[in-house]
2 protein chains.
Amino acid sequence: MGTQPEQAGRRRDAAASQRALLDAAAKLFAERGFDRTTVREIAGEAGVNQALLFRYFGSKEALFEAVVARNGREQLATTPPERLFSASLRSMLAPEGPRNRTLETYLRSSGSDGAAAAIRQEIGEEYARVLATLTDAPDAGLRADLALAWLMGIALVREVAGKEPLASADPDDVCRLVLTATKTLLERSK
Amino acid sequence: MGTQPEQAGRRRDAAASQRALLDAAAKLFAERGFDRTTVREIAGEAGVNQALLFRYFGSKEALFEAVVARNGREQLATTPPERLFSASLRSMLAPEGPRNRTLETYLRSSGSDGAAAAIRQEIGEEYARVLATLTDAPDAGLRADLALAWLMGIALVREVAGKEPLASADPDDVCRLVLTATKTLLERSK
DNA sequence: TCCGGTTGTAAGCAGCTGCTTACAACGCTA
DNA sequence: TAGCGTTGTAAGCAGCTGCTTACAACCGGA
């Protein structure tokens, strides 16, 4: 160790602590779900005292909301509707890189209630609303829900259950099969 | 109260206590998932002292295994393969009656690990193995996984998330849409 | 009637949970 | 440099968790 104060540059940096907590929480919630992640684990992963978690976010549930709010709407906001389904599918299947783990978080926390459940529902609504614009069938809402359900189911079987052969299947193969099958579901009568 | 010993017929009935525990656990695990269900709740719902839960089943996790083992393979064993997909779908969509809540239990407990995860995986394998017999495509296993994923996704969106319009959609409509779409997925080249 | 194993019960244990509090270290401003 | 709000920290609280233990009630067979 040098003579410098141990962490060059930033000590006493509230914004950095909040970011570290959000990042750590996002990772752990995606891996373990809401219930099985403890505030002590989050603070430990963030390298931050756990009391700060409550100072900055108020409660574990509020932190969960903040995480989902930050990451959840990202893809939704940056992807044009006609590509949302395949983009979500591909992002979910991507073997590496900063894939969006919102669905995983959603799934692993599906037992939780309270505010966490509310925000989960809200994001689901937004996804479905966008997907529903892809077809002009009279039951567009139902069709969108079914498409969303398939996305979530694939995420569940692949990421949470880790079931083979789906878990290590080629993303291209999965996309081809799914997109072919959903042609009858999400299409315009042109 | 009469002069009778409070519960006419059966006191000191180990088999009945075990059955009551299994029934109560099946209900609560399906409603709340493994983590959010406590042994005290199970014993309370069963009208049984919680120490008996450990005497008869050893641990909360072993009880979970017993529940899934009892209910999980029921439908699998009694349904011919070519009807398994639509039967599971319909059983899941059935608005009332003794529908099979295995998928719900599975979903709400998807954060759990250990032995619970192992038995979950095992049942998933069995479902997929049966579904894979429905097509002669070379990637039958992958196709079966995708079909299973859709089943689970629909259960998730409908039962756990309670998302409309899917949650209260007509089972016939759902079946029609899903079975049409999966035609390309599970078919024989005849 | 007495015995011995089975069934049911109350109480409690250690460990973990989310959350709070009291306080020290810091660094900006006057 | 003195004051003061912000940031970081250690310790602890009450409540709940899965699980155990010690013991009373019961009942069939001797």
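Tutor: A polar contact is a pair of N or O atoms within 3.5 Å. Please keep in mind that this is a predicted model.

Student: Which polar backbone atom lies 3.0 Å from a phosphate oxygen of DNA strand C?

Tutor: That atom belongs to A:V39. On the other chain, a polar side-chain atom of B:S17 is 3.1 Å from a phosphate oxygen of the strand.

Student: Which residue has a side-chain N or O atom 2.7 Å from a base nitrogen of DNA strand C?

Tutor: The residue is A:Q50. Two or more residues of the surface near the strand come from each of helix 2 (39–46) and helix 3 (50–57) of chain A, and from each of helix 1 (14–32) and helix 3 (50–57) of chain B. Helix 3 of chain B gives the most, with 5 residues.

Student: How many residues surround DNA strand C?

Tutor: There are 22, and A:T38, A:K60, B:R12 and B:R55 are among the closest. Of the strand's atoms that come within 4 Å of the protein, 46% belong to sugar and phosphate. The surrounding residues comprise 8 charged, 7 polar and 7 nonpolar.

Student: How should the contact between the two chains be read, beginning with the area buried between chain B and chain A?

Tutor: That area is about 3,600 Å², with 67% given by carbon and sulfur atoms. Within chain B, the residues that lose the most area to chain A are B:R36, B:W150 and B:L177.

Student: How many salt bridges are counted between chain B and chain A?

Tutor: The count is 6. One salt bridge joins A:K163 to B:D145, whose closest N and O atoms are 2.8 Å apart.

Conventions:
Residues are numbered from 1 along each chain as its sequence is written. Chains are lettered from A and ligands numbered from 1 in the order in which they are written. This is a predicted model: local features need pLDDT of at least 70, side-chain atom pairs count only at pLDDT 80 or more; totals for chains, interfaces and linings use all residues. Side-chain values use heavy atoms; hydrogens and water are left out. A residue is near a molecule or strand if one of its heavy atoms lies within 4 Å of it. A polar contact is a pair of N or O atoms within 3.5 Å; within protein, one must be able to donate a hydrogen and the other to accept it, and residues adjacent in sequence count only if both atoms are side-chain atoms. Helices (H or I, at least four residues) and strands (E, at least two) are DSSP runs, numbered from the N terminus. Ala, Val, Leu, Ile, Met, Phe, Trp, Tyr, Cys and Pro count as nonpolar, Asp, Glu, Lys and Arg as charged, and the others, Gly among them, as polar. Buried area is the accessible area (1.4 Å probe) that two parts lose on being put together, summed over both. A salt bridge is a side-chain nitrogen of Lys or Arg within 4 Å of a carboxyl oxygen of Asp or Glu.
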